[in-house]
Each structure stands twice: as structure tokens, then as C-alpha cells.
Amino acid sequence: MADSTTISCVKHIETYVDSSSSRSPSQQDASLDALAKLLLNDIITLELLVREMEMYLTTTDNIIRARGILLLAELLTRCSSKRVEDKTVHSLVGFFADRLADWRALRGALVGCLALMRRKTDIGAISSSDANAVAQSFMQNLQVQSLGQHDRKLCFEILECLMDSYPDTVMSMEDEFVYVICEAIDGEKDPQCLLLTFRLVERLAQLYPESSSSLASYAEDLFNILGSYFPIHFTHPKGEDDAKREELSRALMLAFASTPLFEPFAIPLLLEKLSSSLPSAKIESLKYLTYCMDKYHGNVIQEQHKPLWSSLKDIVLTSAPSSLTAGSRYEDNKVADEALVLVQKLIQQDNDSVSFLKLILNDADVNMTLKNLSNYNNYDDIAVTDKQRLNAVSRILHVSAAASVASCNAIFQSVFSELVNGLQSTMQEKDYTPGGLKFGYLYVCVDLLTACSTLVKPTDKTYLDKETWCTMLHSFCPLLTSSFVKTMKESTLDIYTHTGVRGLQILASFPANFSPVSKSTFEEILVEFTSVITLKFNNASIWRFVLNALVEIGSLIKKSDDSEKMASFDVIVVEKMLPLLSSDDLSMPFSLKVGAVSKIGMTNLKYMRKIVQELNTAISTNLQKYWLDGNSNSAEHAMLLLECYVDEVLPWFQNVKDNDNVPMHFALKIWNEIEDNTMFFDSLNDKKLLETTMNGMKRAVASCSEDSQSTILDKAFSILSSSTSFQVDESMQPAEYSCREEWIISLFDSVIIALRPKTQVKNTEEILQIITRALSNAHIPSAHALGSLFNKIPNDSLEEAMDITFNKYIVRFANGNGDNEIGVSNLRLSNVNDGLVTSDAIVVGLAWVGKGLLMRGHEKVKDVIKFFLNFLISNRSTSSGSVSSSEDCDDLTRAVADSFSIIMSDSEACLNRNLHATVKPLYKQRLFNMVMPILLAAIVKSDSPIPYKSMMHRAIAHVISNTPLSAIIGEAKKLIPLMVDGLTILSEDGKNRDIVYNLLLVLSGILTDKNGQEVIVENTYTVIMCLNKLVFYQHMMLVRETAIQCLTAMTELPYASVYRFRPEVLQTLSRALDDPKRSVRQEAVRCRQAWASISSRSLHI
């Protein structure tokens, strides 16, 4: 080594081994990093480093020796990928193995052994003899459970490494190594170490064969150690312990199932835990048993069948719900659900001998329940305990039959004939009444049919006709069908009807490769279901159940690709449903007609295409009727149809390839209808229908490709330009629109709003003129369209569009200058006659333009923001021009302030990702950074009256409440005083209640953030005074409730900063206890308790 390198190396070594207080941990870590870098860069060799460290590795000073050995071990860990000579590795591993006897330097010895044992062969690894030396030293010198947590963890990692990397060495030790494992893990309690211990047992079982006498002789001892941890629980649980418990439980389960040698001890323990009063212990036991079944030998498990069945039966019988519904499950009872899973697993494992299934079929309780089915004449007469028992037995038979074909055969041979005969005898009784089938037989039959359906896969090519259950089902199918149909049609109880419908659905849903029903029977079932949909809609519960059954049948037909059934379904169901949309029969609610048709259509693309055509026709027909005579029923029907189209049909087609024609044809259909219908009723006042149609147009156009959108836009523009009211002249006077023209411009705006950025827009200048003129009539959708255009228009066309819109047609502040900037005087329309326009609408239009520009990140947004800021800050009350009174001035100023809400808030109507808006990241933060410094400075300097200040605070509140909280917290020191002033001023006017609430939510967000709390502490007095006032805010309950929640959060601030305000807050809260709203009173009680308990915190300060 060069002298300088030697000096540097020695210096770093001394820094690390020095245990005096003069060396900080960070300095020692830095020295370790420096030495590792020297080694990795080959500036020094490992051999030379060890030579330099010799005195530190062998000194009699225990502390220095421990630090020196640890330093060498840590360096080996960090250089694990560096090539080292085999002889060097051999020498080092011998050194560290010997050091395992040095308890004062044990940490370094463990780290060093582990680092060397983990090395790969190609870069210098220890040999089998070296591994044996480590193992022997480990076994002779270490009592693992006497060590600290970290050292124990290192010991377990060494044992794991020995088994993973040196299995031959471990196997040669036989009993001795297994004993060491038992001794090392016995009594472990640390969760991290337990994970390793469970893996050690699992790995040990994999390493030693089942026939190994070494493992067999210690199997009971090992399992006793493992069993002491079951079930996993924490004596002092914390919030994050749930995930850790799951991980530990999984590792313990793998250890339990690691070898069949554990079976004689595991099964009795798990069965014992099934009697625990804790549901979690039962669930864990059942999960472990289910997993272990696959790992233990089946012939061994058979010995435990009787106790297993006894325990499982008790669980299911006591946990079953007492309500009997078709296809019921135990969603609310995980214990019973896990027990049924285990029942099915045991039957599947014992498929050949069916010994476990015989226990079920020969069980006295099961047979007694089945025998008593003949006594259950009426559902309402069945006792609650009998319903619970019937449910349990039915579910047991269900999971048993669904376990395998063999088990299904056995159950059908044993009980199914008796069940069907019971149904038949009921119908043949002299006192039989319509719907009077004995419910028990019906219920169990349907559950068994459900199990059968799980055994037949739609894509399975194997034929099951020769199986016993198939033969029996074929023979009994006519009787079952007639029983279910009678039950569905004649019963007056919903539970009977639901069960009958469920049975018919299952029979009709079997795939083409196996169907117990004939074509005629299948079609009979469809006819019965369809008649319920079209005629028996008064019972909503049954109607929905039958509709869902039809949908399920249609979906399964599609999956199995059964052309014969598909044709029948088309003719009987789809063709019968379609006329509902155009039927004049008012007895069936139109909403049910639309819902039924749409759900049936979603089962198959072929059906959906037919339904889309019928939907388009029905929408056109109802719109025509409404346009011609203002028919309210037609308007209601049209809205339902349009909502179905938007909410159901269009989203469904999003997952279908080549779906572009559907939304395009819908949009063109509406435009064609408008073009053909030139006569509209004079007073069409249903704005909701227009809004619904606009929404449908937007969603349809948004779903189209660029080419299809261009086609729709051309069609819309041709109709728009054909109307004289939309022809732009030089005067640009506001025009009064007829009902038809309002529909035209509104739907045209919807098309513009939904365009993709790359869609080619022709006639841009004419479109801007038309939209701007509509905007001057206070037509808000035109403002949305204008903002969307400026958001999506190509950059090379944007300058021209800005000039057309700002310079000629929207606003200019007439300062006598002719520049292109938005001026600062009076809001006017720039036209020949200088006619007045609706100033508020122009402000709204500018706000949407600003939003569109801001979202795309265009610099021109600064001109729009400059206009709004100048208007707010100037505080002029104009006496001439477009503003004729102080009331008009207030309205205009409010509109300018509210423009910041438009610019910053998210909109569902336009400029969102669903409508293909161009959105640059962090656009809200950019506006916040642009606007807030100016408004802050202006409001500090302002000496304007309160009304003008309130407008500035209104604008500030809109910006703050729509900016991400992280950006607000970064500027909280400047904003908190401003927010408190804003809340105080704005709360004086009840019209500001929504703004006050939104601003208060931001304050609550700051209060719950650690960094925000530091700023709140500096403004404690003003914040608490403001909140005390808002506790009695009369105009909105949510403001009062949130203000109290904020006061509760204030108690988390440092004691010294809030304690002096305790009397005032408690006095406020005592009055809030009389609030008329219960939720406010509840928050006041919680807050009062929090503030009352503040005094106790002083004892800990």
C-alpha cells in the first residue's frame, strides 16, 4: 500500500473501532463506507486490510476486539460480490467460526460467518468442510435463546443458510442438527425471528425424507414447539400488526403442513381449537385443516374423519342463517363458510372410497332433517330452528355434490329420488292448493341442482350422460320443471316464487354439451319468464329476480355458443322485449321497459345491435312528439331512453371492437330529426330534457373516432348555418332564439365540447362568431364550447382564434386604444352600434376561455387573468357604459370573482378527460402561484369598503379551495391570516355559505397536517376566535359541524399554545350543545370532552 493510502486506511479503521463518545455513529459509518470503497476499487486488498487490522482482531481489550471483528464482518458483507481467493475465504471462515466462542465479539462473528456462507462459488465460496466447521462451532458454543433479538435473528439466518446452501453437510449431522433446531427455536417470541423459525421447520421437513429416523424421532418435539404459537395473536396489538399476523399465520400453516409426520399431532390440536369461543381461532383452524389435507396422506387422514365430521357438522348447524333464500350463502359467517370449504376438500381427497361422504349420508341429524321435509307444509309454519337446520343440511349436501362427479352420483342415488317423489306426492294430494308445494323438498332440490351446474363447464367437451346424476336428472326433469313453474306462477309468497325461478334458471342454463331439458321445455321456461317481465311487474322483487334469471341464461348461452338456444332466446325474449319501447300501453312503467330491454341486450352483441336500433327509433319518436306538441309523457320517456343510452349502452360498447358506428349513428340520428322537424311547439319549457339530450350528444361524440367526429361536426354545422338566426352580420346584435334554434345551438355546443384535440375543425371563424353571439345571449353551453375550442384548437390556429374572439366579438375595455389586450374600463361589445350585452355572460365566457388555455398550459391565459385581476383590484364603480347602477356593479364584480371558481374547479359539463380535454400537469398550482401574490399584495394595501373586499376574498377563497392541499400547506404561513379574514368577512352574507364551507374544509386539512399545525400555532388566537364564531353560523349545518371538528383538532396542538383559550372554547361549546341538528350536538360533545381533558396533559409536559 502506498503511504497515503495506508495512513488513510488506518485512520478509518481507528475511527470505526474507537468506542469513545468522541466518535459519532455517522463518522463510524462514513469510515466503513470509505474502507468498503477502497476494497471494491482494488486500491487495497482484503489480505492487506486484515494485516493492518491484526492488532484490533486479537487484542485483549474486549470492546476494541468486538469492534474490529464487526468491522471486518461488515466489510465482507458489503463486498459480497467481489472475487476473493479460496484460501483467503477458508482462512476467514475458520477465524469467524472460532470467534463464535467469543461471546463478547459474537455479533461480528455471526455477521462474518453469514457473509461468507452466502458467497457464490464463482467469486470464492466456503467449502463443505468449512460449512461443517461453522455448524460444529455453532452447536458447541451458542445458546440461541439466551441472545438478544438481533443476534438470534442472525443465528436463524445462519441455520437457514446451512440448509439451503449446504444440505449434504446438514444431512451428515442427522439427529444432532435437528436437536439444535429444536433448542434454538423453543420459546421464541419476536415476530421477525418467528418468521425465520417457521421457515426453518418447513425447510427441515423438506430436507429430511419422511422415512428419516432423525426427523421422525423429533417430530413430536418440533410440533409441540410450533403448536404453542397457534393461533397467532399479539398480546399488545398495534394498528400495523394485522398484516404481520397474516404473514406469521401463513408461515406457521406452511410449517404445519410441511410433513405428514405432524399429522397425528396437528389434527387433534386443530380440532380442539374448533371448540374455541373465538371466531378467529375457529377460522384459522379450518384454514389450516383445509391446507393440510392436500399435504398429509389420505389414508392417514381417514382415521380422523369421524372427529372431523362431528366438529364440522356442529359448526355448520350452529352457524347457519335462519332465512332461506334461493342460492343463499354464508357471506356473513366466515366460520361456516370455511367449514363448508373443508367439507368439500375432504370429499375431493377421499373421492375413491367416499368414506367421508358416507359419514354425511349416514348421519342421524342429516337424515332426520331430510325425513322431516314432509312436515314442512308451509314456509311460515317452519320453526326458526328448523329453518336453520334445513339451511345447514341443504348447504352440506350442496358442497358435497359439487365436490366431484362421484360424490354427486352418490348423493343423487341416496336422496334425490326421495326429494322429487316428495314434490310429486305434494302435487297429488287431495288438499293441494296452488303454490302449496312443501318448501323443504323444493329448497333442497334447487340447492342440489345448483351444485350439478357447477360440474358442467360450457367449454367442456366431455359428455356426462352416462353418469348416475345425469341420468336421474334427465328422467326427473319434466316433473321438476312443472313443479317450479307451478311454484312461480301460483304461489303468493316471494320465497316460493324466488325458489321456483331459481330452479327454472338452473335447468335452462346447462350448456349445450349437456342439457337436461328439451328444446320445447327450454322455450317454455323462456315464455314463462318473459310473461312475468311483460305482465307481472307489480311485484318489483319477483320482477327483478326473473329479469336477472333471464340475463343469466342469456349470458351462459353466449359463453357456451349454443346456436340452437341462442335462436330460441332471440325469438322468445329479445323479439318480445323490443316492442316494449314503442308500445303505447301505459300499464307497465316505462322505466321498467327500458331497464328490461337494456339488460337483456347486454347479454349478446347480436341482441344489443337490435336493441340499439330500437332505442334510436324510440328516442327519435318521443323527441318528435315533444317538439310538436310539448307532450310531457314523451319528454319523460325520451329522458329515460337517453339516460339508458348514456349510462348503459355507450359504456357497454366501449368494450366492443369496431363500435364506432353506434355512437356516430346515434348522434347523426338526432341531427337528422332536428333537420326534418322544422316546426317546434312555441313553449317548450322542459330544460331537463334538453340537458339530457346534450349530455347524450356529448357522450356519443366523445366515444367516436376523429373521422366520425368530423362527420358529425359537418352535419351539425350545416344545420346550424342554414338557420338565419345564426348568420353573423356586422352589427352582431344579440338575437332571440326560438325553441328549435336553442336546441340547435345547444346540441352544436355539445358536439364542440366532446371533440378530440386532433379532430379537424373547419369553418373555425364562423363557429367562433356563432358561439360568441350565443354567449352574448347568456347561453352558458356556448361558454363551455368556447373554452373547449381554445383548449383543443391547434397552436397554429390559436392566435387567429384569439384575435377573432377577443378583438372583434367579445370584450374590449374602451380606452381609446386599438391594441389587442383586454383593457381596463367598461365592459362592452365591440360592434358598430355599441349595443349593450349581458356582461355577466361575457365574464363567464372569458372564464371558460381562461380555463381552457390554463389547462393546456398556454401563455395567453395571462391576458385573461390580467383582466380579472385588474377589474377586482381597480375597485371602480362605473357610472357610464355597460354598468348602470351599483347593483349591476356588484353583480358584475361577483361574476368576476366567481370566474376563479370556473377556472380552478373540476367540471363534469366540459373540459375533463372523458371529453378529451388537453390537461397539463399541475395547472392549478400554476394559477395559484400566478394569482395569489397579486391578490395578497392588493388586499393588504386595499382601503376599499367591505363589499369590495368581500369580492376579493371571494376570489381568493375560490383559488384556495380548489388548489391541492400540498400546495396550500407550502404557503400556509402567508395564507392562514388571509383565510381567517376571508372566513370572517364572507360569513356575514348567507349567499356565501358554500364558499365559507369550502374554505373551512381547507383550514381543517391544514389543521390535520403536521407541517400545517406548526403554522396554526403562530395564529392560534385568530383561528380559534374565527372558529368560535362559525360554530353559530346559521346558514349551513355543515359549516357549524366542521368548525367544531376544527376546534377538536386544535386540541392536538402544543399545550402551551391552546390552554389559555380553554374557557372561551368551552363556553362556546356549551351553547353549541343546544344546536337544533343532532350531528352538530354530537360533535360538540366530543369537542367539549377533548378540550376538558387538556388540563390533564399538563402533567406530562
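Student: What does it take for a residue to count as buried?

Tutor: Buried means under 20% relative accessible area, exposed means over 50%, and partly exposed lies in between, with a 1.4 Å probe and protein chains only. Tyr-229 has 13% relative accessibility and so counts as buried. Phe-198 is buried too, with a relative accessible area of 1%. This is a predicted model, in which local features need pLDDT of at least 70 and side-chain atom pairs count only at pLDDT 80 or more, while totals for chains, interfaces and linings use all residues. Residues are numbered from 1 along each chain as its sequence is written, and side-chain values use heavy atoms, with hydrogens and water left out.

Student: How many aromatic pairs does a search of the whole structure find?

Tutor: Rings of Phe, Tyr and Trp (its six-membered ring) pair if their centres lie within 6.5 Å; planes under 30 degrees apart are stacked, over 60 edge-to-face, and the rest tilted. The search finds 27 aromatic pairs. For Phe-198 and Tyr-229, the centres are 5.6 Å apart and the planes at 70°, so this pair is edge-to-face.

Student: Which residues do ring pairs link into a cluster?

Tutor: The cluster consists of Phe-223, Phe-230, Phe-256, Phe-262, Phe-265 and Tyr-288. Contact means heavy atoms within 4.5 Å. Not counting residues up to four places away in sequence, Phe-256 touches several residues, including Leu-226, Ala-266 and Cys-292.

Student: Where does Arg-67 lie?

Tutor: A charge sits over a ring if NZ of Lys or CZ of Arg is within 6 Å of the ring centre and within 35 degrees of the ring normal. Arg-67 lies over the face of Tyr-16, at 4.3 Å from the ring centre.
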